[in-house]
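Q: Please give me a close look at the side chains of the structure shown below. Begin at the surface and then work through the charged pairs and the interior.

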Amino acid sequence: MWDIGNRTAGEERELHIARLWVEYAQELGPGETADVRLAPLSPELWRHLKCGDVITMYEARPVAGTATVIEVLPPRG
């Protein structure tokens with residue numbers, strides 16, 4: 001689940017789901033960094049993101065990780 005900056009009508013953080021896979025590595029351990037790709041479940045909610053944006057990953061509390069957007073591709077047909 002990712003905090004990509006969207007908020008509910010009550011101004012609460014809205015989390016969004018994306019499939020994630022690590023590129024060029026078999027696994028990613030705690031504290032390690034790698035290039036990853038995200039495939040959002042609802043891509044229309046992610047369209048405002050641009051290169052340089054930082055988003056936050058949650059599995060539960062506390063924060064599980066952060067990501068800096070380095071590329072944005074349109075959804076596949």
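A: Met1, Leu15, Ile17 and Leu41 together make a nonpolar surface patch of about 390 Å². Such a patch is built from residues with over 30% relative accessible area and no salt bridge, with nonpolar side chains (Val, Leu, Ile, Met, Phe, Trp, Tyr) joined within 5 Å and like charges joined within 9 Å; the areas come from the Shrake-Rupley method with a 1.4 Å probe, and for residues only the protein chains shown count as cover. The model is predicted, so local features need pLDDT of at least 70 and side-chain atom pairs count only at pLDDT 80 or more, whereas totals for chains, interfaces and linings use all residues. Residues are numbered from 1 along each chain as its sequence is written, and side-chain values use heavy atoms, leaving out hydrogens and water.

Within the patch, Leu15 belongs to strand S2, residues 13-16, where a strand is a DSSP run (E) of at least two residues, numbered from the N terminus. Leu15 counts as partly exposed because its relative accessibility is 32%; buried means under 20% relative accessible area, exposed over 50%, and partly exposed in between, with a 1.4 Å probe and protein chains only.

The charged side chains come next. Four salt bridges are found in a search of the whole structure, each being a side-chain nitrogen of Lys or Arg within 4 Å of a carboxyl oxygen of Asp or Glu. In one of them, Glu23 meets Arg37 at 2.6 Å, N to O. This pair links distant parts of the chain, 14 residues apart, with Glu23 in the loop between strand S3 (18-22) and strand S4 (36-40) and Arg37 in strand S4 itself. Glu23 counts as buried because its relative accessibility is 18%, while Arg37, at 32%, counts as partly exposed. Another bridge joins Arg7 to Asp3 at 3.2 Å, N to O; here Asp3 is buried, with a relative accessible area of 12%, and Arg7 is partly exposed, at 39%. Asp53 and Lys50 also form a salt bridge, their closest N and O atoms being 3.2 Å apart, with Asp53 buried at 18% relative accessibility and Lys50 exposed at 51%. Salt bridges that share partners also bring Glu23, Arg37 and Glu71 into one network.

A polar residue in strand S1 (residues 2-7) is Asn6, which counts as buried because its relative accessible area is 17%. A polar atom of the Asn6 side chain lies 3.2 Å from the backbone oxygen of Leu45. Setting aside neighbours within four places in sequence, Asn6 is in contact (heavy atoms within 4.5 Å) with Glu12, Arg13, Glu14, His16, Leu45 and His48.

Further inside, the largest nonpolar core has seven residues, namely Trp2, Ile4, Ala18, Trp46, Leu49, Ile55 and Ala67; a core of this kind is a set of buried Ala, Val, Leu, Ile, Met, Phe, Trp, Tyr and Cys residues joined through side-chain atoms within 4.5 Å. Ala18, one of the core residues, touches Trp2, Leu38, Ala39, Pro40, Leu41 and Trp46, residues up to four places away in sequence not being counted. Through Leu41, Ala18 thus touches a residue that also helps make the surface patch.

Methods. Helices (H or I, at least four residues) and strands (E, at least two) are DSSP runs, numbered from the N terminus. A polar contact is a pair of N or O atoms within 3.5 Å; within protein, one must be able to donate a hydrogen and the other to accept it, and residues adjacent in sequence count only if both atoms are side-chain atoms.
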